[in-house]
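Hi,

Here is the structure I promised to pass on. Have a look at it first, and then read my notes below.

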Amino acid sequence: MTEIIDIDTLNINGVPSSKSQIISYLEKFQPHALCLQETKQISLDSLQLEKIGYDYYMKTPHDTSSSIQHTIHGNAVIFKKSLKIEKIRIPHSDPVTNARFVAIKLINFDTTIVSCYLPAT
């Protein structure tokens, strides 16, 4: 029997103001992956995801040719630590449209997740 993959997404409008909601969401629904938009952080270390069996990937200023503003307001993918992942490099965010992207491949499921933020124009 094939396992169903659960991938969720949230536009959180900032990790600092959403910490408890993110942790509660992960604990309640236990998705394989959770895509976050508008993190307003350059790290998710403050969430202490490892305590509940998760890890994350997000672009840092060193991973992108876009400005740090794009990164701080950027995206992340939180995933269960039990999953094997491969980070996928997307060359850059789009400075004209302010679009932002981050991607991982879930090797266990042969599935690629691209977390996108596409602002209204």
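How far is the sulfur of C35 from the closest cysteine sulfur? Bear in mind that this is a predicted model. The distance comes out at 8.5 Å, with C116 as the partner, so the two are too far apart for a bond. Seen from C116 the answer matches: its closest cysteine sulfur is the one in C35, at 8.5 Å, again too far for a bond. With the cut-off at 2.5 Å, the disulfide count is zero. As for their surroundings, C35 is buried, at 4% relative accessible area, while C116 is partly exposed at 32%.

Now the overall layout. The chain has 121 residues, and 40% of them count as buried. Its secondary structure consists of two helices and seven strands, and reading from the N terminus the order is β-α-β-β-α-β-β-β-β. If you take contacts between residues at least 6 apart in sequence, 62% of them link residues at least 24 apart.

On confidence, the average pLDDT of the chain is 83, and 80% of the residues reach at least 70. The stretch to watch is residues 64–71, where pLDDT is below 50; that stretch still has 20 contacts in the model beyond near neighbours in sequence.

Next, the inside. In soluble globular proteins, nonpolar side chains tend to be buried together. Here the largest nonpolar core contains 14 residues, and I22, L26, L36, L44, L47, L49 and I78 are the ones with the most contacts inside it. At least two core residues come from each of α1 (19–29), β2 (33–37), β3 (54–58) and β4 (76–80). The biggest contributor is α1, which gives three residues. To see how one member sits there, click on L47: leaving aside residues up to four places away in sequence, L47 touches V15, K19, I22, I23 and I78. Another core, of eleven residues, lies apart from the largest one, and its members include Y57, V102, I104 and L106.

The loop between β2 and β3 is worth a few minutes of your time. E38 is in that loop, and has a positive phi of about 60° without being a glycine. Q48 is placed in the loop between β2 and β3 too, also with a positive phi, about 50° in this case, and also not a glycine. Are these two buried or exposed? E38 counts as buried because its relative accessibility is 15%, and the cut-off for buried is under 20%. Q48, at 38%, counts as partly exposed.

E50 belongs to the loop between β2 and β3 as well. E50 is partly exposed, with 48% relative accessible area. Its C-alpha atom is 9.1 Å from that of K80, and the two residues are 30 apart along the chain.

Which side chains form the salt bridge? There is one salt bridge in the structure, and it joins the side chains of K105 and D110, with 3.2 Å from N to O. K105 is partly exposed at 25% relative accessible area, whereas D110 counts as exposed at 59%.

Finally, the rings. The count of aromatic pairs is one. The pair is Y25 with F29: the ring centres are 4.7 Å apart and the planes meet at 45°, so the pair is classed as tilted. Both residues sit in helix α1, four residues apart, which is about one turn of the helix. F29 is partly exposed, with a relative accessible area of 43%. Helix α1 is therefore a good element to display twice, once for this ring pair and once for the three residues that it gives to the largest core.

Cheers

Key. Residues numbered from 1 in each chain as written. Heavy atoms only, no water. Core = buried A, V, L, I, M, F, W, Y, C linked by side-chain atoms within 4.5 Å. Buried < 20%, exposed > 50% of the residue type's maximum accessible area, 1.4 Å probe, protein only. Contact = heavy atoms within 4.5 Å. Salt bridge = Lys/Arg side-chain N within 4 Å of Asp/Glu carboxyl O. Phe/Tyr/Trp six-rings, centres within 6.5 Å; stacked < 30°, edge-to-face > 60°. pLDDT = per-residue confidence, 0-100.
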